[in-house]
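Hi everyone, thanks for coming. Let me pull the structure up on the screen and then we'll walk through a few contacts.

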Amino acid sequence: MMHTSDESAPVGVRIRRQRERAGMSRPVLAGLVGKSTEWLKAVENGRLQTPRLPMLLRIARALELDDLAELTGNGHAVPVSVFAGERHAALTDVQSALTDFRLKTPDRAASTEYLSERLRQAWQVRHASPDHRTQLGALLPGLIRDAQSAARTKVADRRAARRVLAGVYQLADFYVAYQPAPELVWLVADRALNEGYEADDPYTIACSAWAMVQALRDSGRWEEAITLASSAIARLEPYVEKDETADDWRGIVGALAAEIAYVHARRGRHGQAWAHWERADKVARQLGPGYRHVQTSFSMPVMAAHATTLGVELRRPGEALRAAEGFDADRIASLPRRSRHFIEVARAHYQRDEPIAAYALLAKSFRTAPETTRYNGYAREMLHELLKRPPSGMRDDVRQLCESVGVAL
């Protein structure tokens, strides 16, 4: 019989043993990571391939493991925080606002017009701030509580209040992502969808679906992600065909098509990934170079950035780098999205075993939006590996960047 310390033990066996050690049933762990009991059983029994890093991190957090090596068995300590990042200082306040279930209906609430303006300004802050997570952490608790109150009290204008509340949850999704609280990602995505349905607003539903598609994709629930995105597109298309001025409606259609492309790339389906990318890119070109969807950043420059991501996910780094060279990344208006693009380019160089270029792009990502780099698991993983094998003459540079990002030295 193999023991947990046995380096030959498969990952599935390690997951099962850690689960049993924690006294956790298979349905409970599966629920915590957003998967079915049958999926977890197949992983533990070796009938499914080893989960990818994001899912391994979810499992490690659910099992309250500090060392990812307890699951991977690589013989070296690999702190979960290396990939997941630390808990942001404001996360507790945001979480409290999301889970503060008050039964008493407030006597007064802010107007929907006032809340809409606050939400608009918060989106501007999110895209324009290098420390966007800290800025959102200060804004969200009050905005969440006020929008929830309005949705409960504005009887005459409840649909509008629910649309605003859905938008607040969509914004909160960007804050809770990539933090050690994966349950909050599901919470805000589900609430945003629910508020969209309650408002009976196809556009709000589609914007909320976009966030849920990402949560499903990152949990490996690929068919569900594709089905949800496709149904949201189908629901919007009749409105788009009738109204040629509905740019944002077209924008979210393009953004959902781009997400379908991303899902297919994650699955390794080259033809389907690029077919859906071309569909999304066509929408972006129809909208023109001056258009940008506020929530998703969907635009012509971001579609070019998506091409880099598809190449990386498909393990074709040459394609990824050619796409990156084909446009000016400074045209990506959102600083966090631009910073993420530089991480994707770094991933392509890393796949080609070009550590100097990978380091340079990670450093550029950090200079662009430090908090994007700090909380991106791929960036942290690459820095962890570069720290172990730094390029010649660059040990101090790598150590300095790791220290700035918060990767343990």
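I'll talk about some salt bridges and then one pair of helices.

Just so we're clear, this is a predicted model. The count of salt bridges comes to 24, and I've picked three of those to show you.

Start with arginine 145 and aspartate 100, whose side chains meet at 3.8 Å, N to O. That's inside the 4 Å cut-off, so the pair counts as a salt bridge. Arginine 145 sits in helix H9, while aspartate 100 is in the loop between H7 and H8, 45 residues apart. Arginine 145 is partly exposed, at 25% relative accessibility, and aspartate 100 is partly exposed as well, at 29%.

Next up, glutamate 195 and arginine 162: here the closest N and O atoms are 2.7 Å apart. Glutamate 195 is in H11 and arginine 162 in H10, so this bridge ties together parts 33 residues apart in sequence. Both of these residues are buried.

Third one: arginine 266 to glutamate 313, at 3.0 Å, N to O. This pair links H14 with H16, 47 residues apart. Again, arginine 266 and glutamate 313 are buried. And there's a network here: salt bridges with shared partners join Arg217, Asp218, Glu259, Arg266, Glu313, Glu344 and Arg347.

Okay, helices. How do H18 and H19 cross? Their axes come within 8 Å, at roughly 170°, which means H18 is roughly antiparallel to H19. Among the contact residues are Phe342 and Ile343 of H18, and Leu361 and Leu362 of H19. By class, that contact has ten nonpolar, four polar and two charged residues.

Conventions. Residues are numbered from 1 along each chain as its sequence is written. This is a predicted model: local features need pLDDT of at least 70, side-chain atom pairs count only at pLDDT 80 or more; totals for chains, interfaces and linings use all residues. Side-chain values use heavy atoms; hydrogens and water are left out. Axes are lines fitted to C-alpha atoms, for helices over the stretch in contact, and angles run from 0 to 180 degrees between N-to-C directions. Helices (H or I, at least four residues) and strands (E, at least two) are DSSP runs, numbered from the N terminus. Angles under 35 degrees count as roughly parallel, over 145 as roughly antiparallel, 65 to 115 as roughly perpendicular and the rest as oblique. Contact means heavy atoms within 4.5 Å. Ala, Val, Leu, Ile, Met, Phe, Trp, Tyr, Cys and Pro count as nonpolar, Asp, Glu, Lys and Arg as charged, and the others, Gly among them, as polar. Buried means under 20% relative accessible area, exposed over 50%, partly exposed in between (1.4 Å probe, protein chains only).
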